[in-house]
Amino acid sequence: MAKDDEKKESGEWKEFFWNPRTHELLGRTASSWGLILLFYLIFYTFLAGMFCLTMYVMLMTLDDYKPTWQDRLATPGMMIRPKGDPLEIVYNMDKTESWDSYIQALDNFLAPYNDSQQAVKNDACVPDKYFLQEDSGEVRNNPKRSCQFNRTMLGSCSGLEDRTYGYQDGKPCVLIKLNRVIGLEPSKDGKSPFVSCSAKAQKMAQTNETNPAVEYFPTNGTFNLMYYPYYGKRAQVNYSQPLVAVKFTELTLNTDFNVECKINSDIQFKISERDKFAGRVIFKLRVNKV
């Protein structure tokens, strides 16, 4: 009798797993399992879609978001063009191939600054004052306009007068740009901030370097106030970052120059040894000639 009970229980268990008479698996028919799987597929697909949509919206709005901790006087980072890794410009005047890559990099970088393109995309703004385009309450004043920065403003460093940007003559041009900081107003007294470049002081003491003679374009190496404040990539789709070109006109050949360029303003931008690009940039410059 006990064996019969065991056989009965074993048969019931097997039929629960798969019942050949009703074609049920674990007590459910194929159509029932199909509906359950379809429900969970739709449910989890919906959740995944909502998650992706949320992340997309957050990423798209991040550039226009001004966090409460962001200081309007945040120190922008500085960078040079052309740039290499490590941060240095070293070439031989007599070997075209040693500076060809620098020329190509500058050509590519300045292409969007051609006067014809700027005239189509951006406004001819009034210089020496902020180009303010505030929102009206909750109503966004978008898209916001941007000011023209014309390539011709870079004078002999524009690549238009001299296709080699001075590299062929041992008088290389270096472009300086400030990283974009939303809401930055880089001056309080109405005077545009400007760039100054010199050989780094402690290096001069070690190597007896002398400060190289330089020319700045635009005049005085200014980042004009009309390019500020910056409202974000989505708000100002055609924004052209202002540039300062530095032309080194009297370099001692076959000599290392450790150049420091920094931003100058009535606002005291914080310069930190931990962040070597905050408000300044340091690079090696050397022009060789056999």
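I started with Y102 in this predicted model and asked whether its side is buried or exposed: at 13% relative accessibility, Y102 counts as buried, because the cut-off for buried is under 20%.

I then looked up the aromatic pairs, of which the structure holds 9. One of them joins Y102 to Y167, with ring centres 5.8 Å apart and planes at 35°, so I noted this pair as tilted. I placed Y102 in helix α3 (residues 96-110) and Y167 in the loop between α4 (115-121) and β5 (173-178), which makes this a link between distant parts of the chain, 65 residues apart. For Y167 I read 0% relative accessibility, so Y167 also counts as buried.

Next I turned to Y113 and F149, an aromatic pair that I recorded as edge-to-face, with 5.7 Å from centre to centre and 85° between the planes. Since Y113 lies in the loop between α3 and α4 while F149 lies in the loop between α4 and β5, the pair ties together parts that are 36 residues apart in sequence. I found both Y113 and F149 to be buried, and I listed them with F109 and Y227 as members of one aromatic cluster.

I followed F109 and Y113 further, to the lining of the second largest pocket, where they appear together with P112, Q118, K121, R180, N238, Y239, S240 and Q241. For this pocket I noted about 160 Å³ of space, and I sorted its lining residues into 4 nonpolar, 4 polar and 2 charged.

My last entry concerns K144, whose charged end sits over the ring of Y231, 4.9 Å from the centre of that ring.

Conventions
Residues numbered from 1 in each chain as written. Predicted model: local features only at pLDDT ≥ 70, side-chain atom pairs only at ≥ 80, totals over all residues. Heavy atoms only, no water. 1 Å grid on protein atoms, 1.4 Å probe; cavity = no way out; pocket = protein on both sides within 12 Å on 5 of 7 lines; lining within 4 Å. Points joined across faces, edges and corners; volume = space filled by probe spheres on them. Nonpolar A, V, L, I, M, F, W, Y, C, P; charged D, E, K, R; others polar. Phe/Tyr/Trp six-rings, centres within 6.5 Å; stacked < 30°, edge-to-face > 60°. Helix = DSSP H or I, 4+ residues; strand = E, 2+ residues; numbered from the N terminus. Buried < 20%, exposed > 50% of the residue type's maximum accessible area, 1.4 Å probe, protein only. Lys NZ or Arg CZ within 6 Å of the ring centre and 35° of its normal.
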